[in-house]
Amino acid sequence: MRRSIATVCISGTLDDKLTAAAAAGFDGIELFENDLVVSPWSPSEVRSRCADLGLSIDLYQPFRDFEAVGPSLLRRNLDRAARKFDVMASLGVDTVLVCSSVSPDSVDDDELAASQLAALADRAGERGMRIAYEALAWGRHVSTWDHSWRIVQLADHPALGLCLDSFHVLSREVSPDGIAGITPGKIFFLQLADAPHLRMDVLQWSRHHRLFPGQGAFDLPRFVELVLAAGYDGPLSLEVFNDVFRQADPARTAVDAMRSLTALEDRLGSRRLPPAPDLTGHAFTEFAVDGHSGPELRSALRGLGFAHTGQHRTKPVELWEQAACRIVLNSAVTHPGPAMISAFAVTSSDPLRSLARAEALSAPAHPNVREPGEAELAAITAPDGTSVFVTHPGDDWRSDFLPTGGTASGDAGLLTVDHLGLAQPFDHFDEAGLFYQSVLGLEHLATEEYAAPYGLMRSRAMSNPSRAVRLALTVAVLRRGEWAPAVADPQHVAFTTADIVATAAALTLPKLRIPDNYYDDLAARFALPDDFITTLSRHGILYDRDPSGSELLHLYTPVFGGRVFFEIIERRHGYDRSGEPNAPVRMAAQRHRRLTTSNHPYGTSQAVP
Ligand SMILES: O=C(O)c1ccc(O)c(O)c1
Ligand SMILES: [Mg+2]
């Protein structure tokens, strides 16, 4: 199907927007009137610029507050429309979006609305143009798709059809099912936007919180299927009003937008991507370290029962292992600073197919920095710059490391990597969610918010179907204020254990002090026996239970190297969440420890918490 994007989705001047849309591979645009009004280009210049870029102008929009008015206002509105038809003729666009009136001058009279829209369609039809009528969710008298369809049927004019916008349809309680029964040919245009479920004024929700398909909570594949069932064969066009995208790099937003449509079409089966292969686990997680953070992380890993088992043949890179948990410390960093997760590797049943899928979703390939004789690892670059390697379980990437002969001093019982906690830059959180889910074939498990000591946090948990690869993306819901500690939120690796109490007893690490108040509250909330609470408290273990009775026992380490920490997890009876209720306790405890521990190489202001 053809793919279009409304200019309102992207930041910048009209030139920036068109250039970005074309570079990302869109076939066409919806031209937002404001973008034309503020542009120094005449309509015919816009037309030729679009033609040069290979973009069609599929829709001119919006034309507001037209229908169901008194005779003199109707005359005025028809004059206004005639001027716009002139502009459209110069632009070479034949369809205009007329959104349902929000004006107090309009009356609640479907017959009147229909006859006036028919009069408008007459004038449009004479010029070879069409009217696509869209019910705004906050329209004064017409605010649902079925109401707009009744009016279009009443008008019964060949130059009048519907514009369906997934936001306006799915934000309202009216079922979309009947869309499949709309007369073929009467849906003139389809606009797509996703959004999180929010209980708020629908206009504010629409103007600030729309997202690209796959980033929010709407069932867009089903919605598009209904529209296609009604015979729609026009473009899939994105119309996303979003405060962050309005400020972001246009080229980048356009790629994100294109990825969302490609992934949607993949779900619909109208565009075949290489299917995401099964993922079988985490192969390794790499931290970039410098002269300060390296020693801290080494001692933390020793305290967790890891052993330094391998030394890279050519680079200052160390492999640390315990059972199937593998951490790589990379000292070849170009920018000294706090430690960070610079790369991670997952195992795939078909790494080349994973890579082909990533490429089809415009995921940038990682530059190959392989030395002669080194194992080849396929990699892509995530939105925040993290390298994501995809390897075959049998791949011998370990042969790049010469054995050190090192063995762990004590076994803490860590088994596998449960998940990675990847703090995201504010501007790229939604982009990253879609990236990881579509590229790696992960499903969205839950998005939760919690109040942390330095602000509200949002966390998005995702996993492959077998739960072998889990990621949790986190972000502060607002950009950080000046008072909150600067720099980024910490990232973490969570390891599984079959017996967290035994693991906790075996650790030789500084512990986080979890307040007694937490355990008092826990006992009250879950009616837990005293001796169990005492055991948890002795080891600083946190607890959660879901409504089905599944339990999570987990503990956190302090922050090491300025920005990273570890978590140890025991999931009981299939607990499938991430223990978000305990995140604020963890953050406060880590902050407390940082403030009360002197001689920290990065000082107290470097990282949250
Ligand atoms: O928010 C608006 O006014 C507006 C305008 C045009 C649209 O297509 C739309 O969905 C919303
Ligand atoms: Mg719309």
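Hi everyone, let me start with the one cut-off I'll lean on: a residue is buried if 20 or more other C-beta atoms lie within 10 Å of its own, and exposed if 12 or fewer do. What we have on screen is a predicted model, so please keep that in mind throughout.

First up is Ala-68. With 27 C-beta neighbours inside 10 Å, Ala-68 counts as buried. You'll find Ala-68 in the loop between β3 and α4. Which residues does Ala-68 touch, leaving out those up to four places away in sequence? They are Ser-101, Ser-106, Val-107, Asp-109, Leu-112, Ala-113, Gln-116 and His-141. Take Leu-112 from that list: Leu-112 is 44 residues from Ala-68 along the chain, and their C-alpha atoms are separated by 5.3 Å.

Just along the chain from there is helix α4, residues 71–91. That helix has 21 residues and reaches 30 Å from its first C-alpha to its last, close to the 30 Å expected at 1.5 Å a residue. Its buried residues are Asn-77, Ala-81, Phe-85 and Met-88. Looking down the axis of α4, those buried residues fall within an arc of 95°, so they line one face of the helix. What covers them includes β3, β4 and α5. Over on the other side of α4, the exposed residues are Ser-72, Arg-75, Arg-76, Asp-79, Arg-83 and Asp-86. And just after the helix, Gly-92 takes a positive phi of about 80°.

Now, on to ligand 1. Among the residues that surround ligand 1 are Gln-61, Cys-99, Asp-165, Arg-207 and Glu-239. The elements that give two or more residues to this shell are β3, β4 and α8. By class, the shell has four nonpolar, three polar and four charged residues.

Last stop, the annotated positions. An unreviewed UniProt entry lists His-419, His-492 and Glu-567 under "binding site". These three span 149 residues in sequence, yet no two of their C-alpha atoms are more than 9.2 Å apart, so they gather at one spot.

His-492 is found in strand β21, and His-492 is buried, with 23 other C-beta atoms within 10 Å. Glu-567 is found in strand β24. Is Glu-567 buried or exposed? Glu-567 counts as buried, because it has 20 C-beta neighbours inside 10 Å. Leaving aside neighbours within four places in sequence, Glu-567 is in contact with His-492, Ala-494, His-554 and Tyr-556. His-492, for its part, touches residues including Gly-421 and Phe-565.

That's my tour, thanks for listening!

Definitions and conventions:
Residues numbered from 1 in each chain as written. Chains lettered and ligands numbered in written order. Predicted model: local features only at pLDDT ≥ 70, side-chain atom pairs only at ≥ 80, totals over all residues. Near = placed C-beta within 6 Å. Helix = DSSP H or I, 4+ residues; strand = E, 2+ residues; numbered from the N terminus. Nonpolar A, V, L, I, M, F, W, Y, C, P; charged D, E, K, R; others polar. Expected span 1.5 Å × (residues − 1). Arc of directions from axis to C-beta. Contact = placed C-beta atoms within 7 Å. UniProt positions renumbered as here; feature names shortened; annotations may be inferred.
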